[in-house]
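Take a look at the chain below. This report walks through it one region at a time.

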Amino acid sequence: MSESNSEQKIPVKHIDPTDHKKRPAPRRDNKNDKKKGRRQIYVRAAEGVFQTLRSRMNWVMMLSFMLLPWLHIDGRQAVFLDFSNRQFHLFGLTIWPQDLMLLAFVFIIAAFALFFFTTFLGRVWCGYWCPQTVWTFLFIWFEEKLEGPRNKRIRLDELPWSFNKFWRKTAKHGCWLLVSLITALTFVAYFWGSHEAFFGFFTGDLTFWPYFWTFFFMLATYGNAGWMREIVCLHMCPYARFQSVMFDRDTFTVSYDAKRGESRGPRPRKKDPKELGLGDCIDCVLCVQVCPTGIDIRDGLQYECINCGACVDVCDQTMDRMGYEKGLISYTTERQLEGGKTNIMRPKLLGYGVILLIMMSALVATVATRQPLKLDVIRDRNMLSRLNDYGLMENVYTLKVLNKSQVVRSYQLAVDGIDGLEWNGETQVIVEPGEVFSVPVSLAIDPYLLKQPITDLEFVLTDDEGRQVTQESRFIKGR
Ligand code: SF4
Ligand code: SF4
């Protein structure tokens, strides 16, 4: 059989069932789980390099989300998605429905950034930056503070109701609900304004929809981060399902080095594992206990893994304690695990990177050259041209002046392209921010001065800061 055919085969993994029976259960499940019909995951807290990085990134993410609605530029909320007036305000830039191209750029950039980082680093978005993970870890932090570490939480859940259990559970759910409410109000603040959302909510000044969305997002946060947790990642998030399409043998993912770790098993610390016929995995199952999605990474790459690195940190600590080399579980690639060298500069990754850079440059160029004024010219469709009472050939237009800035502006209108044109209509207009101002204009000329039946001309709009846009049109001589 040719090499290419053999590469297409799905590798077969031999699992010895008798060996499996000897192993301890990966985690101690709650006795009540059978009644509930869902295995409860009691996540053990992990510490280490990746957990510090993750926690810092989580704080940046959370604080940015919470504080951005309170940032104001020139008296206006810096990030304000004003759907009722069909405007998005982003750090002094106002995006109108006419600027949909900018939003298209943003979506394309987001898609290619996802392709690029997933191909390069696997699901790092999920582990380090996804709001579902960030809020879940925050909720687990409250759980840990109020109910204690993993083993205590398991015992507490197995105990019958008592005052101790009651106040701890009540305090935990109270904190979760409070965080959910603040999260929901912050979310609503992006659309209704920070002061309106936060103060209006408590003074009863909000209308039906802000209240509806606040309660909706509050329940969604409480349910997703408090109750559903890994279910969202495993069964509801579409990214979990299609991310593997972008993986290749050079994608960095959290992996267990089975060659080094097997055969796994407990052993005295001072004994040489080789003498005992063992690998470096001591089967402490800590990597399983810290996993927020409840998987055993030693079973191989699984779509449930969110690349959070908790198992890497906890296993490195175990290796340290045993005096073994770190990295039994690590961020590595399939090729590296097989003894090869990771190929970073590969065509697929470079392609995604180049497209990403091009799209980002196009977005920056579009924003930098974007004019805060716009002119549309609409010819009178009922009448192409007419002779007026003075024997002049006349064409009628409606000029639409859009002020895309955030201040009132004065605009000058003019026309270019035909000598001797007479302008009938306003030449100077004052337009409110966001307003589209219509100016009816008729242009007239002695028909003997027109050398051809249709002549191109150009309307010119100049604002009070000298910015200029032009719009082409035509003058029709008629018969
Ligand atoms: S933490 Fe490391 S040593 Fe412990 S079971 Fe997991 S892989 Fe084995
Ligand atoms: S297997 Fe490791 S990296 Fe993957 S989700 Fe579990 S703890 Fe995180």
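## Two ligands, two cavities

A cavity is a set of grid points where a 1.4 Å probe fits but cannot get out. A molecule sits in a cavity if more than half of its atoms lie within 2 Å of its grid points. The model shown here is predicted. In it, ligand 2 sits in the largest cavity. The space taken by ligand 1 ranks as the second largest cavity.

Which residues come nearest to ligand 2? They are Cys291, Cys305, Ile306, Cys308 and Cys311, out of 13 residues around it. Sorted by class, the shell of ligand 2 has 10 nonpolar and three polar residues. No charged residue belongs to that shell.

## The shell of ligand 1

Ligand 1 has its own set of neighbours. Four cysteines are listed among them: Cys281, Cys284, Cys287 and Cys315. The list also includes Tyr256, Ile282, Asp283, Val285 and Arg298. Met319, Leu328 and Ile329 are there too.

How many residues of the shell around ligand 1 are charged? The answer is two. Another 10 are nonpolar, and no polar residue is present. Asp and Glu count as charged, as do Lys and Arg, so Asp283 and Arg298 fall in the charged class.

## Two unusual backbone angles

Two neighbours of ligand 1, Asp283 and Val285, deserve a second look. Most residues other than glycine have a negative phi. Asp283 goes against this, with a positive phi of about 60°. Val285 has a positive phi as well, of about 55°. Neither Asp283 nor Val285 is a glycine.

Where does Asp283 lie? It is in the loop between α15 and α16, and α16 covers residues 286-289. Val285 lies in the loop between α15 and α16 too. Asp283 has a relative accessible area of 10%, so it is buried. Val285 is buried because its relative accessible area is 9%. The cut-off for buried is under 20%.

## A cis bond and helix α15

Most peptide bonds are trans. The bond that joins Glu262 and Ser263 is cis, with omega at about -5°. Ser263 is found in the loop between α14 (258-261) and α15.

Helix α15 spans residues 273-276, and Pro273 is part of it. Is Pro273 buried or exposed? Its relative accessibility is 9%, so Pro273 counts as buried. Along the sequence, Pro273 and Ser263 are 10 residues apart. In space, their C-alpha atoms are 9.5 Å apart.

## Regions marked in the record

An unreviewed UniProt entry places the feature "transmembrane region" at five stretches: 59-80, 100-121, 174-192, 198-220 and 349-368. Compare two of them in the model. Residues 349-368 are 100% helix, with no strand at all (0%). The end C-alpha atoms of that span lie 28 Å apart. Residues 198-220 are 83% helix and 0% strand. Here the end C-alpha atoms lie 18 Å apart.

## Buried residues elsewhere

Lys165 is found in helix α9, which runs over residues 163-192. Its relative accessibility is 6%, so Lys165 counts as buried. Lys165 and Val439 are 274 residues apart along the chain. Their C-alpha atoms are separated by 72 Å.

Ile41 has its place in the loop between α3 (33-36) and α4 (49-67). Ile41 counts as buried because its relative accessibility is 9%. From Ile41 to Phe191 is 150 residues along the chain. The C-alpha atoms of this pair are separated by 36 Å.

## A serine between two strands

Ser405 lies in a loop. Which strands stand on either side of that loop? They are β10 (393-403) and β11 (409-416). At 10% relative accessibility, Ser405 is another residue that counts as buried. The side chain of Ser405 makes a polar contact with the side chain of Asn403, at 2.7 Å.

Key:
Residues are numbered from 1 along each chain as its sequence is written. Chains are lettered from A and ligands numbered from 1 in the order in which they are written. This is a predicted model: local features need pLDDT of at least 70, side-chain atom pairs count only at pLDDT 80 or more; totals for chains, interfaces and linings use all residues. Side-chain values use heavy atoms; hydrogens and water are left out. A residue is near a molecule or strand if one of its heavy atoms lies within 4 Å of it. On a 1 Å grid over the protein atoms alone, a cavity is a set of points where a 1.4 Å probe fits but cannot get out, and a pocket is an open set with protein on both sides within 12 Å along at least five of seven lines; lining residues have an atom within 4 Å of a point. UniProt positions are given in the numbering used here, feature names are shortened, and annotations may be inferred rather than shown by experiment. Helices (H or I, at least four residues) and strands (E, at least two) are DSSP runs, numbered from the N terminus. Buried means under 20% relative accessible area, exposed over 50%, partly exposed in between (1.4 Å probe, protein chains only). A polar contact is a pair of N or O atoms within 3.5 Å; within protein, one must be able to donate a hydrogen and the other to accept it, and residues adjacent in sequence count only if both atoms are side-chain atoms.
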